[in-house]
Amino acid sequence: MLKNGFKAVMVIVLALLLHKAAFAAEVVDLPPEELAQESVLPVFDKPVSVKNRNILTDGRFEADVFYGYAMTEPIANVSKMGLGIYYNTSESSAWGLLLAKNSSGLSSYADQLNQQFSLQFDRAPSPEMTGMIDYNLKAFYGKMSVTKSVVFNTLLYGSASVGAVKYVHKTYPAVALGLGQKFYFTKNWAFRFDLRLYAHQAPVPFLAGRLKPAEPVPNYSDFQERLTLTTNLDVGLSYLF
């Protein structure tokens with residue numbers, strides 16, 4: 001019995017010695033000039049940011065029809081209808097031309113002022129048309145699942161525009177910055193939403209002593225001009241050729 005126990009102890013001791021010998025630390029002393037002095041990142045020859053992309057826009061045209069709503073316009077009619085045509089120079093950028101026709105008439109706020117104070121703001125010059133060259137920088141492409149079988153391909157982009165706003169008597173240079181989103185429900189059709197901030201010179205529609213019925217009708221040149229900022233929301237339908 002003791003003999004078997006002694007053998008077991010010897011086996012354990014021998015195993016420990018072999019284990020220590022097998023994993024003995026070996027100190028390697030390298031000269032400093034052979035050690036790495038800087039870190040580098042891996043370089044990929046063909047990086048792919050999006051796999052299985054359903055909507056390919058590079059080299060294709062896109063046509064839009066939209067309804068515009070001037071969210072911060074106090075006097076003129078806040079509605080407009082517009083058309084747009086774009087050419088996608090790549091999957092990350094596009095150039096387009098926008099044309100929008102303003103609706104005639106006044107806003108509901110101007111009608112309210114006329115009813116309460118007899119102020120006829122139709123005497124003031126109003127915008128008629130807007131034409132812009134628009135650049136879109138496509139920032140993010142993704143997919144949004146509505147149900148298990150319905151998936152929208154989405155595209156988020158920024159926009160920068162330059163052009164002109166035509167009033168009944170004068171045309172003013174204009175610039176605009178915005179943010180947009182497309183929801184493709186097929187490979188060609190998409191809902192498009194654009195929020196833009198327009199900046200341009202415009203006549204001030206308030207003119208003391210000239211807006212009431214009994215007062216002299218002013219000339220368009222009588223209205224002073226100032227820098228005007230207008231926030232505009234466009235909602236439309238887009239087709240990718």
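Let's start with tyrosine 86. Leave aside its neighbours within four places in sequence. Tyrosine 86 is then in contact with Arg60, Phe61, Glu62, Asp64, Trp95, Gly96, Leu98, Asp134, Asn136, Arg192 and Arg196. Keep in mind that this is a predicted model.

Tyr86 also belongs to a group. The largest nonpolar core has twelve residues in all: Phe66, Tyr86, Leu98, Ala100, Met132, Val165, Tyr167, Tyr172, Ala174, Ala176, Tyr198 and Ala202. Which elements give two or more residues to this core? They are strand 3, residues 93-102, strand 5, residues 151-167, strand 6 and strand 7. Strand 6 gives the largest share, three residues. Apart from this core lies another one, of nine residues. Among them are Ile75, Leu119, Leu207 and Leu211. A general point goes with that. In soluble globular proteins, nonpolar side chains tend to be buried together.

Now the overall fold. Eight strands form a closed barrel. The order is 1-2-3-4-5-6-7-8, and the pairing is antiparallel. On average, neighbouring strands of this sheet are turned by 25° against each other, direction ignored.

Let's walk round part of the barrel. Start at strand 4, residues 127-145. Strand 4 and strand 5 run antiparallel and are joined by 17 bridges. Find lysine 143. Its bridge partner in strand 5 is asparagine 153. The link from strand 4 to strand 5 is a hairpin through five residues.

Next, strand 5 to strand 6. These two run antiparallel as well, with 14 bridges between them. Here alanine 160 stands opposite leucine 177 in strand 6. The two strands form a hairpin, with three residues between them.

On to strand 6, residues 171-184, and strand 7, residues 189-203. How many bridges pair them? Eleven, in the antiparallel sense. One pair to find on screen is leucine 179 with its partner in strand 7, leucine 195.

Then strand 7 to strand 8. This antiparallel pair has 15 bridges. Alanine 202 has arginine 226 as its bridge partner in strand 8. You have met alanine 202 already, in the largest nonpolar core.

What about strand 1 and strand 8? Strand 1, residues 61-70, pairs with strand 8 in the antiparallel sense, over nine bridges. Glutamate 62 stands opposite leucine 240 in strand 8. Glu62 was also on the contact list of tyrosine 86.

Three single residues now. The first is histidine 200, found in strand 7. Is it buried or exposed? Its relative accessible area is 6%, under the 20% cut-off, so histidine 200 counts as buried. What does it touch? Not counting residues up to four places away in sequence, histidine 200 touches Val165, Tyr167, Pro173, Ala174, Arg226, Leu227 and Thr228. Val165, Tyr167 and Ala174 are also members of the largest nonpolar core.

The next residue is leucine 233, which lies in strand 8. Its relative accessible area is 30%. That value falls between 20% and 50%, so leucine 233 is partly exposed. Leucine 195 sits 38 residues away along the chain, yet the two C-alpha atoms are separated by 4.6 Å. Leucine 233 touches Leu195 too. Its other contacts are Tyr67, Gly68, Tyr69, Met71 and Asp194, again not counting residues up to four places away in sequence.

The last of the three is serine 118. You'll find serine 118 in the loop between helix 2, residues 108-117, and strand 4. What is its phi? The angle is near 55°, a positive value in a residue other than glycine. Most residues other than glycine have a negative phi. Serine 118 is partly exposed, with a relative accessible area of 34%.

Last stop: the largest pocket. How much space lies in it? About 420 Å³. The lining has 28 residues. Which ones lie nearest the centre? Glu73, Ala76, Pro125, Ser126 and Pro127. Strand 3, strand 4, strand 7 and strand 8, residues 225-240, each supply at least two residues of the lining. The largest share comes from strand 8, with four residues.

To close, go back to the picture of the whole. Eight strands make a closed barrel. Strand 6 gives the largest share of the largest nonpolar core. Strand 8 gives the largest share of the lining of the largest pocket.

How values were computed
Residues numbered from 1 in each chain as written. Predicted model: local features only at pLDDT ≥ 70, side-chain atom pairs only at ≥ 80, totals over all residues. Heavy atoms only, no water. Pairing = 2+ DSSP bridges. Axes fitted to C-alpha atoms, helices over the stretch in contact; angles between N-to-C directions. Core = buried A, V, L, I, M, F, W, Y, C linked by side-chain atoms within 4.5 Å. Buried < 20%, exposed > 50% of the residue type's maximum accessible area, 1.4 Å probe, protein only. Contact = heavy atoms within 4.5 Å. 1 Å grid on protein atoms, 1.4 Å probe; cavity = no way out; pocket = protein on both sides within 12 Å on 5 of 7 lines; lining within 4 Å. Points joined across faces, edges and corners; volume = space filled by probe spheres on them.
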